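Me: I'd like a close look at the aromatic rings in this one, please. Take me through how they pair up and how buried or exposed they are, and add anything else that catches your eye.

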Amino acid sequence: MTRGAGMVRKRLLVLDAAPGKLLGRELERLLGHGLEVTLNLRRVADPGAAREEWAGRVEFTDFDAFDGEALLAEALRDGIGYDAVKSRGGAPMRAGFLAAATGPGQDRPLRVIGRAGAGTDHVDLAAAARHGVAVTHTPGSNATAVAEFALAQLLALTRDLRAHDEAAHRGRWRSPAIPPAGLSELTLGVVGLGRTGLALADRAAALGMDVRGLARRTPAGGAPVPLAESLPDLLAGSDVVSLHVPLTESTRGMIGKAELALMRPGSVLLNTARGGIVDERALADALRDPGHPLAAAAVDTFEHEHAAFASPLFGLPGALLTPHVAGMTGSAMTTAALSCADHVAALLGGRPEGVPVAKAEGVGDSFG
């Protein structure tokens, strides 16, 4: 343990560092806060270069943070522990891990989990609260990026861009059998009017779309779009439905077989929120059925991701699949990485004012 100015520096484990040149900015920010940093090299693009550049300033480790046993072993290594861990990709931290990482055998029981991103469903928030672990995140840091991505999904599917691209690459001059509807002819239903949902609603309305929303609570300042009375009402009245809610016990599986059957003929579903909100098997069955009202779906988030990536949607022509990249623009990732560093340092330093801390479902939760 490093000591300086009569104080023991707080130890931070960086599970998955920011990519590219942002890695340096993130580490400098953390070190500038006086933290003792251990960098996991497993998802660093050039670990050799990182070792050479940061040797003597940070410690290094190398393990798969999505392997629960490996994560726990690192957290308990040498009985020292870490005051805080930082995650970007959302490595799972469940009740067993939290109990062990905060146990009496640790010189440094875990106090803070930082997420460079909005979602915190990778952490058992109830268990974190029981063990005195604060979970901070960066809500809104990627709202613009995700809203733009949802618009890209919408246009790709409603204008059938993939089929035209594939045909052109094969030397075929493909014209649409039926001209597609323009944006001004379509109604967009936004499920969840948090920062991202509102950003999408604003951009879609500016492009001439008729936008409706569904929110657990009316947004501060009032809803900028008409609100549907219920989820079935929104699904039945929308040509495109975009999901922007957190994954909680109440939203898990909220779009299943019955909900998909309510959608308009020729409709499109977009999910840039979280895997698990949509029943992927029911979605795959709907896309395989030529008589189903759902025409296509764009999915950026899955029930099983990273090394465990698998989905019944694989290979379906009506499914546009991307690997959880909606929020990955340079500006969004920079904001998330640096804000997360600041939040973690503030909590470790006993300065919680203004720092966003996630609560278990039912304690200040909302769509968006």
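Reply: Here's a walk through the ring pairs, followed by a charge over a ring and a histidine. Keep in mind that this is a predicted model.

Searching the whole structure turns up two aromatic pairs. One of them joins phenylalanine 302 to phenylalanine 309, with 5.0 Å from centre to centre and 70° between the planes, an edge-to-face arrangement. The other brings in phenylalanine 314: its ring centre lies 5.0 Å from that of phenylalanine 309 and the planes meet at 75°, so this pair is edge-to-face too. The cut-off for that label is over 60 degrees between planes. Put together, the ring pairs make a cluster of Phe302, Phe309 and Phe314.

As for burial, phenylalanine 302 has a relative accessible area of 4%, so it counts as buried, because the limit for buried is under 20%. Phenylalanine 309 comes in at 36%, which means partly exposed, and phenylalanine 314, at 41%, is partly exposed as well.

There's also a charge to look at: arginine 11 places its charged end over the ring of tyrosine 82, 4.4 Å from the ring centre.

Finally, the histidine. Histidine 292 sits in the loop that runs between helix H11 (280–288) and strand S13 (294–299). With 18% relative accessibility, it counts as buried. Its side chain reaches the backbone nitrogen of leucine 294 at 3.0 Å. Leaving aside residues up to four places away in sequence, histidine 292 touches Leu260, Ala261 and Ala286.

Definitions and conventions
Residues are numbered from 1 along each chain as its sequence is written. This is a predicted model: local features need pLDDT of at least 70, side-chain atom pairs count only at pLDDT 80 or more; totals for chains, interfaces and linings use all residues. Side-chain values use heavy atoms; hydrogens and water are left out. Helices (H or I, at least four residues) and strands (E, at least two) are DSSP runs, numbered from the N terminus. Buried means under 20% relative accessible area, exposed over 50%, partly exposed in between (1.4 Å probe, protein chains only). A polar contact is a pair of N or O atoms within 3.5 Å; within protein, one must be able to donate a hydrogen and the other to accept it, and residues adjacent in sequence count only if both atoms are side-chain atoms. Contact means heavy atoms within 4.5 Å. Rings of Phe, Tyr and Trp (its six-membered ring) pair if their centres lie within 6.5 Å; planes under 30 degrees apart count as stacked, over 60 as edge-to-face and the rest as tilted. A charge sits over a ring if NZ of Lys or CZ of Arg is within 6 Å of the ring centre and within 35 degrees of the ring normal.
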